[in-house]
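These notebook entries record what I looked up in one structure. I took the sulfur links before the aromatic rings.

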Amino acid sequence: MEKTRILITGAVLLVLQGCSKPVTETDQTAAEKTDAAALMFDDFNYTDAGDLFSNGWTARTETGHPGIAGASWSAEGVSVHSAPQGAEFGIARLSSVTDGEADGTRHTQICHGRKYLFGTYAARVFFRNEPTYGPDGDEVIQTFYAISPLAEPMDPDYSEVDFEYLPNGGWGENEQSAMWTTSWETFQLEPWTKVNEFSRVEGDYSGWRTLVMNVSADAVRYFVDGNLIGEHSADVAPEVPMSMNFNLWFMPEGADGSVGPVDSSEPRQYQQDIDWVLHVADQQLTTDEVADKVATLRASEQYAVDQVPDKGLPAYCGL
């Protein structure tokens, strides 16, 4: 989604300036950590996509924002695979295709329960800089995020926290690869109005990356491989339960100054892999603590655990 430019925190500026000692989580004050906290963990250790959809995941099929207008969103792009190099067990894979036009574009998204709010969100994701086939250069977006429905334009209770990797640039910036993190207070589509805070860190984030979001009422902090790359204020912290999501889509021309698809009618495909995803409610875990939690779950052969209480809210897999 389009971004509102703000000043980036001093900690993030150190990363942007290429400091020799990246900012880490060691100085972060964490909430008390106990094994009793409700958690959701999925190792994507499935035989086929049907097993994934039977275990709480939904594929988006609703057309609409974001992405190329009129393009489809389909479960056709969702698959599971035995562990490729770098993954211990199975993975989920998102595969999205485009030829630059709506009829030739299929975006892909998977969503899990609208019941997540404060705590730690984490995922190990494989990002790619190039398409698996076809010409390179599309402004493609690969993500991990949590979101609530927008009940009305400028809904004050709207909530969204995002990781977005743009390997070919976008959002009106240059063509350099960059990781964007964005925390949303609210927005409306027509006329386009937005209230958010974001951070952008240029760099090559292809390959396996561990993404961690520490979300509380006071702040939202974003880490990649243990390094702090974004920190946003209580003004944009989530207020209502959200679904947990991954999606892969193509930026249209003109979106906040974006170039959009390359000038080619040749089909091309981008892919994003997910090794595992974890949510621990009401705890602010470091990346090392997340890794320990995942290792403990795997050692006890708990490959799919969901202890997070249902909030009685309708399933949501849109936007």
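I count a disulfide as a pair of cysteine sulfur atoms within 2.5 Å. The model is predicted, and I read every entry below with that in mind.

Entry 1, disulfide. I searched the whole structure and found 1 disulfide. The bond joins cysteine 111 to cysteine 317, with an S to S distance of 1.9 Å. I then looked up the torsion: the link of cysteine 111 and cysteine 317 has 65° about the S-S bond and is right-handed. Cysteine 111 belongs to strand E6 (residues 106–116), while cysteine 317 lies in the segment after strand E17 (304–306), so the pair ties together parts that are 206 residues apart in sequence. I also checked burial, and both cysteine 111 and cysteine 317 are buried.

Entry 2, aromatic pairs. I asked how many aromatic pairs the structure holds. The search returned 16 aromatic pairs. For tryptophan 184 and phenylalanine 187, I noted ring centres 5.9 Å apart and planes at 70°, so I entered the pair as edge-to-face; planes over 60 degrees apart count as such. Tryptophan 184 and phenylalanine 187 are both buried.

Entry 3, ring cluster. I followed the ring pairs further and found that they link Phe44, Tyr46, Trp57, Phe144 and Phe246 into a cluster.

Entry 4, charge and ring. Lastly, I looked up arginine 60 and found its charged end over the ring of tryptophan 73. The distance from that charged end to the ring centre of tryptophan 73 is 4.1 Å.

Terms used. Residues are numbered from 1 along each chain as its sequence is written. This is a predicted model: local features need pLDDT of at least 70, side-chain atom pairs count only at pLDDT 80 or more; totals for chains, interfaces and linings use all residues. Side-chain values use heavy atoms; hydrogens and water are left out. Rings of Phe, Tyr and Trp (its six-membered ring) pair if their centres lie within 6.5 Å; planes under 30 degrees apart count as stacked, over 60 as edge-to-face and the rest as tilted. Buried means under 20% relative accessible area, exposed over 50%, partly exposed in between (1.4 Å probe, protein chains only). A charge sits over a ring if NZ of Lys or CZ of Arg is within 6 Å of the ring centre and within 35 degrees of the ring normal. Helices (H or I, at least four residues) and strands (E, at least two) are DSSP runs, numbered from the N terminus.
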